[in-house]
Amino acid sequence: MNSRSKALALSARYFDEGGFRADLENLVAYPTESQDPRGRPHLDIYLAEAMMPMLEGMGFEVEIFENPVAGAGPIMVAQRIEDVSLPTVLTYGHGDVVRAQTDQWREGLSPFEITEEGDRLYGRGTADNKSQHLINLKAMASLIETRGKLGFNAKVLLEMGEENGSPGLKAFCETHRERLAADVLIASDGPRLSADVPTIFTGSRGGVTFDLRVDLREGANHSGNFGGLLADPAIILAHALATITDARGQIKVPEWRPDSLTPRIRDVLAELPPVEAGFALDPDWGEESLTQAERVFGWNSFAVLAMKSGVPEAPVNAISGHARATCQLRYVVGTDSEDIVPALRRHLDRHGFSGVEVVPAGGGSFPATRLDPDHPWVKFAAASLETTTGEAPHILPNLGGSLPNDCFAEVLALPTIWIPHSYAGCSQHAPNEHILKPLARQALAVMTGLFSDIADAGTLPA
């Protein structure tokens, strides 16, 4: 049995004999809610009590840093340098989770306890992101145990604020460029395209959120006495929104229509199966000339996340003085991120809606990134995954959602390979979050095989 096979066998035993479930249960038990102030102490404890001992046991040198942003979660950096002439892999994960939503989980489930039902393991963080960085680290551990070494250099970056927009992460990477220097980022977050086939994506869509507001007057006025005499802010806002897309959601702001859906990207997306959602998709929504894969992975999308005028829970016979819509543009490379809000301002002005205010949301946002799908690291990773599973992985030029990939692709100037270990139906960011055991077992094998192949190659792919 060669070293690759030995490492794969060890990873399989770790999963089959309950080691993975036990380790994940320990990680999930930390209520690391970065969106809730009550979770703040647990962000430190997660790194100090759970991750530091694990990594030190694997021979890593570990250091925990305060976040450059006051009050934000800590950041951990670990490294195992075996030979400076070998390739260096940087991996990333986040130990924070979204709000628990405890009262919304179904009976028998609790967010910070692992519950096993059939092929599912339930708990907050099982899919996003505790299981994902656990899988990658334990794959490395299998190499260390079977070979006595990794066979390459490894660095680990764990943050505790991704669910809050990764405050301070970019500044941290800028300050610690040398400490984080590597040849490639190989990390895991987000869902696969299909539950049973590994996915590689090389970047992510960006996201920018803003409010559209119409503020006409203080208070509300009787709709009988003043109907037809007072402008209705909700109607003005509805008409302003109608200029942004047409009736099927096709974007009408010229600057929001990207130029990066090249023939090569279309060829890559054409190889993908239909998008899996676990519920019916709307075939007549979005850019009419594009396939579903092109709409979500190769194009921009606009959404109204929330709207309000008056008091929807208890309406009265009055014309409100205010209306507000919280909106979001998900965008791919080829969109000028600095011009998104100014372009909307110009667009609304051209259509006679100068009275509609555009208010950018506070907090961080993630820019769009994308690595060439023909890059040598993409080809190397795809070949390794196919060797392990016997099936070619799905390759996406970018995730439909957003990640802090710009910190790695732009600040650290790394090729970025993301191999997600969850699936679309995992209830990420919702009650009843879970992972699939067969998917997690395969993911452990996939990462063990990939790290073995990097060690066996000994040099950078070309």
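This is a walk through a predicted model, beginning with its nonpolar interior and ending with a few unusual spots in the backbone.

Let us start inside. In soluble globular proteins, nonpolar side chains tend to be buried together. Here the largest nonpolar core has 63 residues, and F20, M51, F60, I186, I417 and F451 have the most contacts inside it. Helix 13, which covers residues 437-457, gives the most to this core, with ten residues. There is also a second, separate core of 32 residues, with F65, L169, C173 and L193 among its members.

I186 makes a good place to pause. Setting aside neighbours within four places in sequence, I186 is in contact with V89, L90, T91, Y92, W377, I417, I419, M447, L450, F451 and I454. Two of the core residues with the most contacts, I417 and F451, appear in that list.

I186 belongs to strand 7, residues 184-187. In a regular strand the side chains alternate between the two faces of the sheet. Strand 7 shows this nicely: V184 and I186 point one way, L185 and A187 point the other way, and all are buried. Which strands pair with strand 7? One is strand 3 (residues 88-94), in the parallel sense over two bridges, with V89 standing opposite V184. Another is strand 16 (residues 416-418), which runs parallel to strand 7 and is joined to it by three bridges; here L185 stands opposite T416.

Now turn to helix 2, residues 19-28, whose buried residues are F20, L24, L27 and V28. Why do they sit on the same side of helix 2? They cover an arc of only 95 degrees around the axis, and that places them on one side. The general background is that an α-helix has 3.6 residues a turn, so residues three or four places apart point the same way. The cover over these buried residues includes helix 1 (3-16), helix 3 (40-57), strand 5 (120-122), helix 4 (130-147), strand 17 (434-436) and helix 13. Helix 13 therefore turns up again here, having already appeared as the element that gives the most to the largest core.

Helix 4, part of that cover, is also home to H133. Is H133 buried or exposed? It is buried, because its relative accessible area is 3%, and the cut-off for buried is under 20%. Not counting residues up to four places away in sequence, H133 touches Y46, M51, G93, H94, G95 and L158. M51 is one of the residues with the most contacts inside the largest core.

The next stop is a stretch that carries an annotation. An unreviewed UniProt entry lists residues 203-352 as "domain: Peptidase M20 dimerisation". In the model, this span is 26% helix and 21% strand, and its end C-alpha atoms lie 37 Å apart.

An open sheet of four strands comes next, with the order 11-13-9-14 and antiparallel pairing. Strand 11 (301-308) and strand 14 (357-360) stand at the edges; each has a single partner strand, so one side of each is left without a neighbour in the sheet. On average, neighbouring strands of this sheet are turned by 25 degrees against each other, direction ignored. Strand 11 and strand 13 (residues 322-331) run antiparallel and are joined by seven bridges, and V304 stands opposite C327 in strand 13.

Two helices go with these strands. Helix 7 (residues 233-242) lies across strand 9 (206-215), strand 11 and strand 13, running at about 20 degrees to strand 13. Helix 10 (residues 340-350) packs on the sheet and touches strand 9, strand 13 and strand 14, its direction making about 170 degrees with that of strand 14.

Finally, look at the backbone. Most residues other than glycine have a negative phi, and most peptide bonds are trans. Where does the model depart from this? A cis peptide bond joins D128 and N129, with omega at about 5 degrees, and N129 is found in the loop between strand 5 and helix 4. A413, although not a glycine, has a positive phi of about 55 degrees. A413 is in the loop between helix 12 (406-411) and strand 16, and counts as exposed because its relative accessibility is 59%. S427 is likewise not a glycine and has a positive phi of about 60 degrees. The place of S427 is in the loop between strand 16 and strand 17, where it counts as partly exposed at 25% relative accessibility.

Technical notes:
Residues numbered from 1 in each chain as written. Predicted model: local features only at pLDDT ≥ 70, side-chain atom pairs only at ≥ 80, totals over all residues. Heavy atoms only, no water. UniProt positions renumbered as here; feature names shortened; annotations may be inferred. Core = buried A, V, L, I, M, F, W, Y, C linked by side-chain atoms within 4.5 Å. Buried < 20%, exposed > 50% of the residue type's maximum accessible area, 1.4 Å probe, protein only. Contact = heavy atoms within 4.5 Å. Pairing = 2+ DSSP bridges. Axes fitted to C-alpha atoms, helices over the stretch in contact; angles between N-to-C directions. Arc of directions from axis to C-beta.
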